[in-house]
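Trainee: Got a minute to go through this one with me? I'd like to start with the aromatics and then move on to charges.

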Amino acid sequence: MELLKHEVYSQAIENTYTIQHPNEGILVYKEWIDSEDGKCLDFILRSKDGFEIDDPALVEEVQEFIDVLN
């Protein structure tokens, strides 16, 4: 095996939010934002224990809360 090319781009900004949710407890929401156009590249929602949460309604609720902060 031979590595032909490796490129690193540092145009993404990582934001991490720790949130106290009234029903779910402590949540950690992490998003990666393109520094050039401000669009969200990716995101993840985890419990305080690090488990990924795959609940679209909860993700949307958290994202709307974060949007109000910004």
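Trainee: Is Tyr29 buried or exposed?

Mentor: Tyr29 is buried, since its relative accessible area is 2%. Buried means under 20% relative accessible area, exposed means over 50%, and partly exposed is in between (1.4 Å probe, protein chains only). Keep in mind that this is a predicted model: local features need pLDDT of at least 70, side-chain atom pairs count only at pLDDT 80 or more, and totals for chains, interfaces and linings use all residues. Residues are numbered from 1 along each chain as its sequence is written, and side-chain values use heavy atoms, with hydrogens and water left out.

Trainee: OK. How many aromatic pairs are there?

Mentor: Two aromatic pairs turn up in a search of the whole structure. In one of them, the ring centres of Tyr17 and Tyr29 are 6.3 Å apart and the planes sit at 35°, so that pair is tilted. The rule is that rings of Phe, Tyr and Trp (its six-membered ring) pair if their centres lie within 6.5 Å; planes under 30 degrees apart count as stacked, over 60 as edge-to-face and the rest as tilted.

Trainee: Where do those two tyrosines sit?

Mentor: Tyr17 is in strand β1 (residues 12–21) and Tyr29 in strand β2 (residues 25–34), twelve residues apart, so to speak of a link between distant parts of the chain is fair. Strands (E, at least two residues) and helices (H or I, at least four) are DSSP runs, numbered from the N terminus. Tyr17 is buried too, with a relative accessible area of 17%.

Trainee: And which ring does Tyr29 stack with?

Mentor: That's Phe43: the centres of the Tyr29 and Phe43 rings are 6.2 Å apart and their planes are at 25°, so the pair is stacked. Phe43 lies in strand β3 (residues 40–47) and Tyr29 in strand β2, so this pair ties together parts that are 14 residues apart in sequence. Phe43 is partly exposed, at 36% relative accessible area. Through these ring pairs, Tyr17, Tyr29 and Phe43 are linked into a cluster.

Trainee: Switching to charges. How many salt bridges are there?

Mentor: The count comes to one salt bridge, where the rule asks for a side-chain nitrogen of Lys or Arg within 4 Å of a carboxyl oxygen of Asp or Glu. The side chains of Glu14 and Lys30 form it, at 3.9 Å from N to O. Glu14 is in strand β1 and Lys30 in strand β2, 16 residues apart.

Trainee: How exposed is Glu14?

Mentor: Glu14 is partly exposed, with a relative accessible area of 45%. Lys30 is partly exposed as well, at 26%.

Trainee: What's in the negative surface patch?

Mentor: Its members are Glu24, Glu52, Asp54, Asp55, Glu60, Glu61, Glu64 and Asp67. Patches take residues with over 30% relative accessible area and no salt bridge, joining like charges within 9 Å and nonpolar side chains (Val, Leu, Ile, Met, Phe, Trp, Tyr) within 5 Å. Asp67 is found in helix α1 (residues 56–69), and it is exposed at 56% relative accessible area.

Trainee: Last one: where is Pro22?

Mentor: Pro22 is in the loop between β1 and β2, and Pro22 is exposed, with a relative accessible area of 71%.

Note on methods: Areas by Shrake-Rupley, 256 points an atom, 1.4 Å probe, with all protein chains shown as cover. Lys, Arg positive; Asp, Glu negative; His and termini not counted. Charge placed at Lys NZ, Arg CZ, Asp CG, Glu CD.
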